[in-house]
Amino acid sequence: MYIEDVADHVGEKIEIRGWMFNKRSSGKIHFLQLRDGTGFIQAIVEKSSVDEEIFQIAASLRIESSVMIEGIIREDKRSPYGYEMDVKNIEVVQIPIEDYPISKKDHGVDFLMTNRHLWLRSKKQFHILLTRNEIIRAVREFYNLKKFVLVDTPILTGSIGECSGEVFDIEYFDLGKAYLAQTGQLYLEAAAMALGKVFNLGPTFRAEKSKTRRHLTEFWMNEAEMAYYSSDDNMEFQEELVSYVVKKVLERASDHLMAIDRDLKPLEKVKAPFPRMSYDEAIKLLQKKDFDIKWGDDIGGDEETGISEEFDKPVMVYNYPRNIKAFYMQPDPSNPEVVLCNDMLAPEGYGEIIGASQRIHDPDLLVERIKEFNLPVESYDWYIDLRKHGTVPHSGFGMGIERLVAWICKLDHIREAIPFARTIYRIHP
RNA sequence: UCCACCAUAGCUCAAUCGGUAGAGCAUCCGGCUGUUAACCGGAGGGUUGUAGGUUCAAGUCCUACUGGUGGAGCCA
C-alpha cells in the first residue's frame, strides 16, 4: 500500500513501507512523519493504545529510520495531508547507524551538493523530480501525438558536432579520439531524410568551463528535425510543443508546483501563439532600454532578460546575424547577412530554452560555409553527402530539459532540475 | 581562461577598533497525550581551510596555496 492511495482506505488497517523523516514526541504520544516515495503522512503512536513494546520501538526511531508500519487510516483536519494513521504495529528495517546529515534547518549549496544522494529525499527535491518526470512524459507524448519517430542518436561520436564549444574526449580503441556528443542534430538530419519527422531525448555533454546557474556539463536535451519544414513552420511547432508541455504539467503536477510555492498564474498564460521579434527589432528594443549593444553583437543573459520581461509568454527572437550563429544555418534569401533561426526565451528571466534554425540544404553552400568557419571539410563527409541524395529544406531545434524544468518550477539554479548535476568542479556523488 | 566573493562546532551562522571562541539546530540525558522546522531543562562537542608573515597579542591585518560560490565568455 502506498501513501498516495490512503484516501481510498479510510477505516482500514493497512501497511506502509517507508522512511521516518521526522518525529515529534510528548512523553506519552509520538508523531512519526513518514515518507514512501509517493507522499507523506503522519502516524500516531499513543502509549495508551499500543503495546509497551511498540511504544518503545517508536521512541527509539531516529531520523530516516526505515520502517514497515501497520495501522488504521483516519481522516483528520489537524493533519496538513488530510489523513493520519493510528499505529498498531511497527517493524523496523533499519535504525540509522549514523546521524542524518541533512537537518531541518537551512544548509549551504556546497554541503547539499556533497550530500546530493541524501538531499534527494527532501520534500522540495521530491516535488521537483516528480515535476521533471511529468515534463519529460509530456514532451514524449507530444511527439507521439504528432507522429514523430524517436531516433536515439549516439553519445560516442567520431567527428565533432557543431565544433563550437569544448568537447569531452576519450580514447577509442585503435581509432584515436572519440567525443561525447554535444548534440545529436547531425544524426537527426540524416534520420529526417529517412523518416520525415524525428526527435531524440537524451544526455549531451559540453566541456565548457561555464559556472553559472544556467549551465551544466552534462544535460538532457530534446532535439527535433523535420523534413520540408521552413523556419516559420519550425517556430509554430516549438510554441505548440511548449504550450502542450506547460498545459499537461499544470494538469498533472500542479500539486507539486504549489508545494514548492510556484505561482501558477504565469504558467497559465503560456499558450500559443507566442510573441515573435526579429533580431533587428530586439537590438532596437535593447538600445531603447539603454543596453550597450549594437547590430552584430550577440544577445547575452542580461539582454535576454531585458527582452523577455516585455512579455508574459515565452518570446521567440528570430533571424540573427550569420557571423554569430552556427555554420549550418540557412541564410535568409531576402537578407544574406542574417540566417533563418530562432531562440525561444522563457519568461521570468529564465533566458534561452530553445535554439532553432532552418538548415542549409544546398551542398555547395554548405561546403562553402564549412570552409568559411575554418572547419575540416573531411569530418563532415557524410553530413555533406546527405545533400547530394535528394536534399530538401528542413528545420529543427534543441530544447534544454533542465532549463525547462528550472523555469516551470521557478528554481534559483539549474542544478536542482536534474537528479545528479554535473558541474565543472563536481562529479561526486 | 578572466573577474568578484566566501572558508569559525556535524549543519547554519555570530564574535564591536587586533585583546580569554559564542548561539540555534543536530547528538546524548531528563520532562511533556495533538505536535506541525514542536517545546522546556541539562550535557558533551573547536589546531577558526593549509602554509608563511606583521604584532606584546591574529578568527580578525598581509602574501601564497587549496576548496567552494556567483558572474563574463560560450551555449540548451
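**Helix H6, its partner and the core**

Modeller: In this predicted model, the axes of helix H6 (residues 231-259) and helix H12 (residues 401-409) come within 11 Å and cross at roughly 55°.

Biologist: Why are H6 and H12 called oblique to each other?

Modeller: Their axes cross at roughly 55°. Roughly parallel needs an angle under 35 degrees, and roughly perpendicular runs from 65 to 115. The angle fits neither range, so H6 and H12 count as oblique. The crossing is also right-handed.

Biologist: Which residues of H6 and H12 meet?

Modeller: From H6 you've got Val-242, Val-245, Val-246, Val-249 and Leu-257, and from H12 Leu-404, Trp-407, Ile-408 and Cys-409. That contact splits into 9 nonpolar residues, no polar and no charged.

Biologist: What makes Ala-227 buried?

Modeller: Buried means under 20% relative accessible area. Ala-227 has 15%, so Ala-227 counts as buried. Ala-227 lies in strand S11 (residues 218-227), and leaving aside neighbours within four places in sequence, its contacts include Ala-192, Met-193 and Pro-393. Ala-227 and Pro-393 are 166 residues apart in sequence, yet 6.5 Å apart in space, C-alpha to C-alpha.

Biologist: Which residues touch the most other members of the largest nonpolar core?

Modeller: Of its 46 residues, those are Tyr-143, Val-242, Val-245, Phe-397, Trp-407 and Ile-408. H6 supplies the largest share of this core, 11 residues.

Biologist: And what does Val-242 touch?

Modeller: Not counting residues up to four places away in sequence, Val-242 touches Val-270, Phe-274, Pro-314, Met-344, Ile-354, Met-399 and Trp-407.

How values were computed
Residues are numbered from 1 along each chain as its sequence is written. Chains are lettered from A and ligands numbered from 1 in the order in which they are written. This is a predicted model: local features need pLDDT of at least 70, side-chain atom pairs count only at pLDDT 80 or more; totals for chains, interfaces and linings use all residues. Side-chain values use heavy atoms; hydrogens and water are left out. Axes are lines fitted to C-alpha atoms, for helices over the stretch in contact, and angles run from 0 to 180 degrees between N-to-C directions. Helices (H or I, at least four residues) and strands (E, at least two) are DSSP runs, numbered from the N terminus. Angles under 35 degrees count as roughly parallel, over 145 as roughly antiparallel, 65 to 115 as roughly perpendicular and the rest as oblique. A crossing is left-handed if the near helix is turned anticlockwise from the far one by less than a right angle, and right-handed if clockwise. Contact means heavy atoms within 4.5 Å. Ala, Val, Leu, Ile, Met, Phe, Trp, Tyr, Cys and Pro count as nonpolar, Asp, Glu, Lys and Arg as charged, and the others, Gly among them, as polar. Buried means under 20% relative accessible area, exposed over 50%, partly exposed in between (1.4 Å probe, protein chains only). A nonpolar core is a set of buried Ala, Val, Leu, Ile, Met, Phe, Trp, Tyr and Cys residues joined through side-chain atoms within 4.5 Å.
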